[in-house]
Every structure is written in C-alpha cells, then in structure tokens.
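Thank you all for coming. Please take a moment to look at the sequence and the structure before I begin.

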Amino acid sequence: MMQAIKIQGTDDTPKVILDPNPENPVFEISGRSLPEDVVAFYEPILEWLDEYAQDPLEKTIFNFKLEYFNTASSKLLLDILLKLEDMYDDQKDVLVRWHFPEDDEDMEEAGEEYADIVEVPFEQVRYTLD
Amino acid sequence: MGNIVKDSKKSLEFVYDFYVKMKRNNINLAYEGEITHQITKAFTSLTENNMMRDEDYSSVQKKVFHVMVECLQNISKHADNQFNFISSKDGRGIFLVSKDETEYNVTTGNVVKNEKIEELKQMLEHINRLSREELNKLYKQKIREGRLSEKGGAGLGFIDIARKTGQKLIYSFIKIDDEKSFFVLTSSISRVK
C-alpha cells in the first residue's frame with residue numbers, strides 16, 4: 001500500500017491528507033492556500049496522485065474544503081482535479097466534494113467553475129461555520 | 001552644527017506632514033520597500049485584525065484579503081528590480097490601504113520598464129471592458145491554458161480582482177525617464193454588502 005501524505009496546515013498552506021488506507025480512506029485539502037512557492041508545495045501531491053492513479057481504491061472521494069486560495073494556487077488545484085478526471089476517464093469511481101461556507105459566494109462559484117471545467121462527478125457541499 | 005539642527009527639524013516636520021496627509025486621505029497602511037512573502041503575510045493579517053475589529057462583513061473581509069494578496073504578489077513577482085541599488089529576488093514598490101465609510105482602496109505602485117507598458121495597458125483595458133460573465137469566461141480559459149509562467153501567475157490576478165470587486169481597475173503610468181515608468185494601480189472594495 002502507498003505511503004499516506006499528511007501535511008499540517010499553516011496560515012498560508014493548506015492541510016493535506018492523502019491516505020489510501022482501505023479501512024478509512026481520506027483524501028482532503030483544507031484551509032488556506034497562498035504558499036510562497038505554489039509549485040514546490042503542490043508538486044509532491046501531484047506526483048503522489050500519479051502513482052495512486054495506477055492502482056486506486058474502488059472508490060475515491062476527494063474533499064476540497066478551502067477557506068481561501070490565491071490565483072497562483074487556482075491552477076495547481078485545477079491540476080489536481082485534472083488528475084482525478086484522468087482517473088475517472090480510466091473507468092475508476094471518483095467523486096469530488098467541494099465544501100464551501102454558507103455565506104461564501106466566491107468559494108461556491110469557484111466550485112461551480114471547476115465543475116464546469118473538469119468532467120468528473122462533482123458535488124457542492126454547503127457547510128455552516130461554527 | 002546649525003545646519004544639522006535645521007535639517008533634523010525639517011525632517012521632523014516632514015514626518016508630521018506625512019502623518020497629516022495619511023490621515024487626510026484615510027490611509028491606514030503605507031509601505032515602501034521589498035515585497036516578500038513575510039511582508040504579504042504580515043499586512044494581510046494586520047488588515048484582517050482591523051477589519052474584524054471594525055466588524056466588516058466577512059464577505060468584504062475576504063475580498064479585501066484577496067485583493068491585497070494578489071496586488072502584493074504582482075509587485076513581488078513583476079516589479080522591475082534592476083533599477084534598485086540592491087538586487088533581490090523580490091520586487092519592491094509602494095503599498096497603501098485606505099478606508100472610508102463606503103469602501104476600501106488597495107493601491108500599489110512600482111517601477112516598470114517602458115517597453116512593458118503597452119502590453120500591460122492592453123491587458124488592463126481589455127479586463128475593464130468585460131462584463132462579469134466575460135471575466136468568468138476569461139478566467140476559466142486562463143487557468144485551463146494551464147502552466148504557470150516561470151514567475152508563477154500573472155494576468156489571472158487582475159482578472160480575479162476585477163470580478164471579485166465588481167469594479168474597474170484604476171491605473172496610471174507616470175513616466176520617470178526614457179527607460180522606466182511608475183505604474184500605479186488602485187482597486188476598490190465596497191464595504192456595503
């Protein structure tokens with residue numbers, strides 16, 4: 001089984017969990033994304049997904065729960081979604097869940113936009129801030 | 001000796017003058033220098049704290065935060081640095097945030113080579129002519145076109161500022177000499193929901 005990726009979130013980088021443990025798989029990117037070097041931050045994640053795509057779980061549910069991301073991050077997020085799209089094209093069961101706070105229209109729209117661009121099952125999930 | 005006293009008095013008066021001008025123009029943040037990632041983080045968190053204290057709508061706070069990040073990154077990545085005495089990887093420029101009853105204004109200024117002005121102007125004019133829907137379309141097209149420029153970003157930032165604020169980008173190029181100009185850009189974010 002592949003090694004999981006677990007990255008703690010900071011005030012400028014998101015929390016990332018990519019854990020293919022079949023008992024309790026978690027694929028999640030959450031928090032804030034405005035890293036100093038976006039490519040350096042996301043490259044290992046994209047590479048991990050390439051490897052995972054060769055032998056994925058029966059079903060992959062990928063959660064995005066971002067509070068904020070800058071435009072430089074937006075391209076890298078699309079790169080992740082494109083990898084998931086490739087898996088879906090490859091007859092794998094993939095679902096993207098895009099979480100957004102109920103009062104955040106911009107984040108909701110960002111999800112709609114990505115859903116428009118990539119051909120992959122995409123679910124918008126509204127949540128309430130505590 | 002006498003001259004030094006006179007000069008230092010003058011410079012103190014300059015400070016007061018500067019303070020009065022900042023107050024008069026409702027400027028609550030002013031900076032000139034290198035725009036590093038640390039500076040970007042410091043300014044955005046400072047402004048966030050102020051906005052929370054002033055109880056601005058969270059949607060307004062997010063927009064101001066976003067515009068600040070994109071504007072600061074524009075300077076950090078695109079200001080032409082070779083005119084500085086000290087070479088560094090981060091661009092430098094001036095950065096101002098002002099606020100009145102109805103809106104926030106985020107202003108940046110930095111030196112650009114004259115040869116880049118035409119392209120920049122065309123890009124900004126084009127963005128200012130587009131409707132919200134057209135901006136969304138252009139944004140999608142740009143991220144789909146993919147790979148980041150070697151400096152990471154560019155173009156996308158302006159489009160996103162325009163669509164998130166719903167306002168035109170206000171800008172000007174002020175000629176310094178035959179080689180370079182000063183590029184000023186202001187974005188406004190309404191404080192009213």
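Let me start with a question: in which strand of chain A is the place of Glu67(A)? Glu67(A) lies in strand β4, residues 59-69 of chain A, where strands (E, at least two residues) and helices (H or I, at least four) are DSSP runs numbered from the N terminus. Before going on, I should say that this is a predicted model, in which local features need pLDDT of at least 70 and side-chain atom pairs count only at pLDDT 80 or more, while totals for chains, interfaces and linings use all residues. Residues are numbered from 1 along each chain as its sequence is written, and chains are lettered from A and ligands numbered from 1 in the order in which they are written.

Staying with Glu67(A), is this residue buried or exposed? Glu67(A) is partly exposed, because 17 other C-beta atoms lie within 10 Å, and the rule is that 20 or more would make a residue buried and 12 or fewer exposed, with C-beta atoms placed from the backbone. Leaving aside neighbours within four places in sequence, Glu67(A) is in contact with Gly31(A) and Arg32(A), contact being C-beta atoms, placed from the backbone, within 7 Å. The C-alpha atoms of Glu67(A) and Ser30(A) are separated by 7.3 Å, although these residues are 37 apart along the chain.

Turning to chain A as a whole, we find three helices and six strands, which follow the pattern β-β-β-α-β-α-β-α-β along the sequence. Buried residues make up 30% of the 130 residues in chain A, and its C-alpha trace spans about 35 × 30 × 25 Å along the principal axes.

Conventions
Two residues are in contact if their C-beta atoms, placed from the backbone, lie within 7 Å.
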